[in-house]
Amino acid sequence: MEFSHVSVLLSEVLHALSPERGGVFVDCTAGGGGHSEEIARRLPEGSRLICLDQDDDALSACRSRLAVFGNRVELVKSNFRNLDAALDLCGADRIDGALWDLGVSSHQLDDGERGFSYAKDAPLDMRMDRTASLTARDVVNTYSEDELRRIIRDWGEERFAGRIAARICEKREEAPIETTGELAAVIAEAIPQAARQKEAQNPARRTFQAIRIEVNGELDAIEPSIRAAAARMNPGGVLAAITFHSLEDRIVKDVFRSLSTGCTCPPEFPVCICGGKPVVKLLTKKPLTPGDEELASNPRSRSAKLRVAEKL
């Protein structure tokens with residue numbers, strides 16, 4: 001299917017990054033190239049945009065969409081956790097702006113064959129990089145009950161994690177759980193009827209989120225990628241990160257705060273002895289969120305938050 005993904009908080013991202021000032025910019029999660037296209041369009045002569053993504057479908061769509069910009073844009077298949085290696089590959093020692101649009105894309109959710117969505121019955125997959133070995137089927141059918149409970153509780157923030165993990169283990173004893181539809185039905189069985197009736201959305205969404213995060217190692221990649229970008233950022237450069245749930249946002253908020261504080265001495269120390277200095281200045285004390293017009297045109301943007309920091 002055609003790769004489609006609506007660029008969330010686009011005007012806010014462009015205002016923050018200001019690509020018209022020139023330099024080397026990195027879209028760490030290029031997707032279908034929506035943000036990348038508008039960044040590249042504003043780059044002056046001699047500037048570069050490096051686009052990273054681990055999804056082959058995304059890279060193919062991005063390559064087609066950005067072909068008009070010629071050698072001003074360079075695409076690299078890479079998880080953003082490997083930012084340093086990707087920049088080395090491109091010969092980019094220093095950068096002037098970096099963007100992360102975290103989480104799953106609209107295309108990945110809408111392409112039923114990818115197995116990300118509980119709304120479409122498909123083989124349990126959920127790999128953003130389809131050359132990776134671990135799949136959602138592996139997680140669901142081979143992880144212990146304790147492991148399942150932990151990831152559903154911690155990464156899905158699901159209060160019925162114990163019941164869901166136990167029911168998954170019971171069901172897979174009869175036969176492996178093979179599809180998203182089967183998994184969604186098992187989750188529904190595990191959640192009390194009264195709780196299901198109170199849900200505005202499908203009660204499977206938190207467990208699916210947790211399993212997707214486990215399959216792709218999403219949360220583990222955020223902090224090292226941001227720190228790597230900050231270390232290579234020229235003074236005045238900008239780091240901009242879009243998150244879609246509290247787990248991502250907490251990590252971005254904490255690493256931005258850490259980079260903007262510098263000193264790691266205990267509060268009771270009268271003077272700093274660690275020598276740590278602030279690396280960035282926070283440009284958003286509170287995250288930017290979509291306005292009414294964007295929410296009306298793209299309901300999936302409702303949970304998006306943008307945090308921005310500037311390299312000192």
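Modeller: A disulfide is a pair of cysteine sulfur atoms within 2.5 Å. The model discussed here is predicted.

Biologist: How many disulfides does the structure hold?

Modeller: Take C274 as a test case. Its nearest cysteine sulfur, that of C272, is 3.6 Å away. The cut-off is 2.5 Å, so C274 is in no disulfide. For the structure, the number of disulfides is zero.

Biologist: Which cysteine has the nearest sulfur to that of C90, and how far away is it?

Modeller: C90 is in no disulfide either. A pair would need its sulfur atoms within 2.5 Å. The nearest cysteine sulfur belongs to C51, at 9.6 Å.

Biologist: Is C90 buried or exposed?

Modeller: Buried means under 20% relative accessible area. C90 has 9% relative accessibility, so it counts as buried.

Biologist: What does C274 count as, by relative accessibility?

Modeller: Buried ends at 20% and exposed starts over 50%. C274 has 36% relative accessibility, so it counts as partly exposed.

Biologist: Which helix gives the most to the largest nonpolar core?

Modeller: That core has 65 residues. W100, I168, L183, I226 and L239 have the most contacts inside it. Seven of its residues come from one helix, spanning 218–232. The helix is α12.

Biologist: Which residues is L183 in contact with, leaving aside neighbours within four places in sequence?

Modeller: L183 is among the residues with the most contacts inside the largest core. One of its contacts, I168, is also on that list. The full set is L124, V140, I168, I177, F208 and I211.

Biologist: How many residues are in the other core?

Modeller: This core lies apart from the largest one. Its members include L14, L43, C51 and A240. The count is 24 residues.

Biologist: Which strands stand at the edges of the sheet?

Modeller: The sheet is open, with seven strands in mixed pairing. Their order is β3-β2-β1-β4-β5-β7-β6. Each edge strand has a single partner, so one side is left without a neighbour in the sheet. The edge strands are β3 (73–77) and β6 (280–282).

Biologist: Which residue in β2 stands opposite D27?

Modeller: Strands β1 (residues 24–27) and β2 (residues 48–53) run parallel. Four bridges join them. Opposite D27 stands C51.

Biologist: At about what angle does helix α13 run to β7?

Modeller: Helix α13 covers residues 246–261. It lies across β5, β6 and β7. Its angle to β7 is about 20°.

Definitions and conventions:
Residues are numbered from 1 along each chain as its sequence is written. This is a predicted model: local features need pLDDT of at least 70, side-chain atom pairs count only at pLDDT 80 or more; totals for chains, interfaces and linings use all residues. Side-chain values use heavy atoms; hydrogens and water are left out. Buried means under 20% relative accessible area, exposed over 50%, partly exposed in between (1.4 Å probe, protein chains only). A nonpolar core is a set of buried Ala, Val, Leu, Ile, Met, Phe, Trp, Tyr and Cys residues joined through side-chain atoms within 4.5 Å. Helices (H or I, at least four residues) and strands (E, at least two) are DSSP runs, numbered from the N terminus. Contact means heavy atoms within 4.5 Å. Two strands pair if DSSP finds at least two bridges between them. Axes are lines fitted to C-alpha atoms, for helices over the stretch in contact, and angles run from 0 to 180 degrees between N-to-C directions.
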